[in-house]
Amino acid sequence: MIGLQVPACVLVAFFFTAVGLIPAWIGFPLVLGVLALVRKFTGLHRRQAGWVLGEVIEAPYLKPRDRGLVVRVFDLLKDSATWRDLAFLFVQMSAGMALACLQVALPLGALGHVTLATWWWALPDDANVDLIGFLPITNTATALVFGVILGVAYFALWLRVSPYLGQAQAHLMKWLLAPTERARLANRVQQLTESRADTVDTQAAELRRIERDLHD
């Protein structure tokens, strides 16, 4: 989707600006806000890729510690999934843009060739119109015949390759945005650590309750 290349560029620019402002402290809330938007943006692409591939692509993020703004920001910056998101934004601005443009260029090219007979006369008199290098357009009849033939060929090519282009883009998203085995392991360790801490807290609270009951 070409329209999503622009927010990718904006998010990259905002992120590095926010990181540069960290020494002035205002960067901490800015980084937190920008990364929240980045994760929303990449989450949209995960759902898009999952829809194309027919699978659910999980989010790979570690849960930041709830110990204040500074700790949360540094936890986010230490999370490898954050940098994979940013790498995806860069790839989206290059390879993603190329794939999306190709998806649009083929049908537009088909439309332009099919309608060539209606507008070729508006070209300058000295314009040398040769379709694909060897089909000269000298009058409306040749524009109609050659234009329709090439337009249909372009449209057939688009119908043929469009699913593969969509698949390629979806696999690119999955490669960068899906959790790695290391990320899955880190998430599992974090969940077990939190579960153990909750169990210890629950047991401690229960012991305090029993002590109070005994004291009473």
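How many of the 216 residues of the chain count as buried? In this predicted model, the share that counts as buried is 33% of the 216 residues.

## Overall organisation

The secondary structure of the chain comes to 7 helices and 2 strands, and, read from the N terminus, these elements follow the order α-α-α-α-α-β-β-α-α. Among contacts between residues at least 6 apart in sequence, 69% join residues at least 24 apart. The chain has an accessible surface of about 13,600 Å², and carbon and sulfur atoms account for 68% of that surface.

## Nonpolar cores

The largest nonpolar core has 26 residues, of which F15, V31, L35, F41, L77, F88 and L89 touch the most other members. Two or more residues of this core are given by each of α1, α2 (27–53), α3 (69–78), α4 and α6 (140–177), and the largest share, 8 residues, comes from α2. One of the core residues named above, V31, touches A18, V19, I22, V73 and L77 when residues up to four places away in sequence are not counted. Apart from this core there is a second, separate one of 5 residues, which includes A117, W120, I137 and A143.

## Helices α2 and α3

Helix α2 has 27 residues and spans 38 Å from its first C-alpha to its last, which is close to the 39 Å expected at 1.5 Å a residue. The residue that follows α2 is G54, whose phi is positive, near 70 degrees.

In helix α3, the buried residues are V73, D75, L76 and L77, and the buried residues of this helix pack against α1, α2 and α4. Two of them, V73 and L77, are among the residues that V31 touches.

## Aromatic pairs and the aromatic cluster

The structure holds 6 aromatic pairs. One of these is formed by F16 and F90, whose rings are tilted, with 6.4 Å from centre to centre and 50 degrees between the planes. Because F16 lies in helix α1 (residues 5–20) and F90 in helix α4 (residues 80–114), the pair ties together parts that are 74 residues apart in sequence. F16 has a relative accessibility of 42% and counts as partly exposed; F90, also at 42% relative accessibility, counts as partly exposed as well.

Another pair is formed by W25 and F28, whose ring centres are 5.1 Å apart and whose planes stand at 40 degrees, so the pair is tilted. Tilted pairs are those with planes neither under 30 degrees apart, which would count as stacked, nor over 60, which would count as edge-to-face. Is each partner of this pair buried or exposed? W25 is exposed, with a relative accessible area of 58%, whereas F28 counts as buried at 4% relative accessibility. Beyond single pairs, F15, F16, W83 and F90 form one aromatic cluster, and F15 is also one of the residues that touch the most other members of the largest nonpolar core.

## The loop between α1 and α2

W25 is found in the loop between α1 and α2. Most residues other than glycine have a negative phi. W25, however, has a positive phi of about 70 degrees although it is not a glycine.

## Surroundings of D79

Where is the place of D79? D79 is in the loop between α3 and α4, and at 4% relative accessibility D79 counts as buried, the limit for that term being under 20%. Leaving aside neighbours within four places in sequence, D79 is in contact with R39, Y61 and L62. Two of these contact residues are also related to each other, since R39 lies over the face of Y61, at 3.8 Å from the ring centre.

## Helix α4 and Q103

Q103 is placed in helix α4, the helix that also holds F90. Which residues are in contact with Q103, leaving aside neighbours within four places in sequence? They are W158, S162, L165 and G166. For one of them, S162, the separation from Q103 is 59 residues in sequence, while the two lie 6.4 Å apart in space, C-alpha to C-alpha.

How values were computed:
Residues numbered from 1 in each chain as written. Predicted model: local features only at pLDDT ≥ 70, side-chain atom pairs only at ≥ 80, totals over all residues. Heavy atoms only, no water. Phe/Tyr/Trp six-rings, centres within 6.5 Å; stacked < 30°, edge-to-face > 60°. Helix = DSSP H or I, 4+ residues; strand = E, 2+ residues; numbered from the N terminus. Buried < 20%, exposed > 50% of the residue type's maximum accessible area, 1.4 Å probe, protein only. Lys NZ or Arg CZ within 6 Å of the ring centre and 35° of its normal. Contact = heavy atoms within 4.5 Å. Areas by Shrake-Rupley, 256 points an atom, 1.4 Å probe, with all protein chains shown as cover. Core = buried A, V, L, I, M, F, W, Y, C linked by side-chain atoms within 4.5 Å. Expected span 1.5 Å × (residues − 1).
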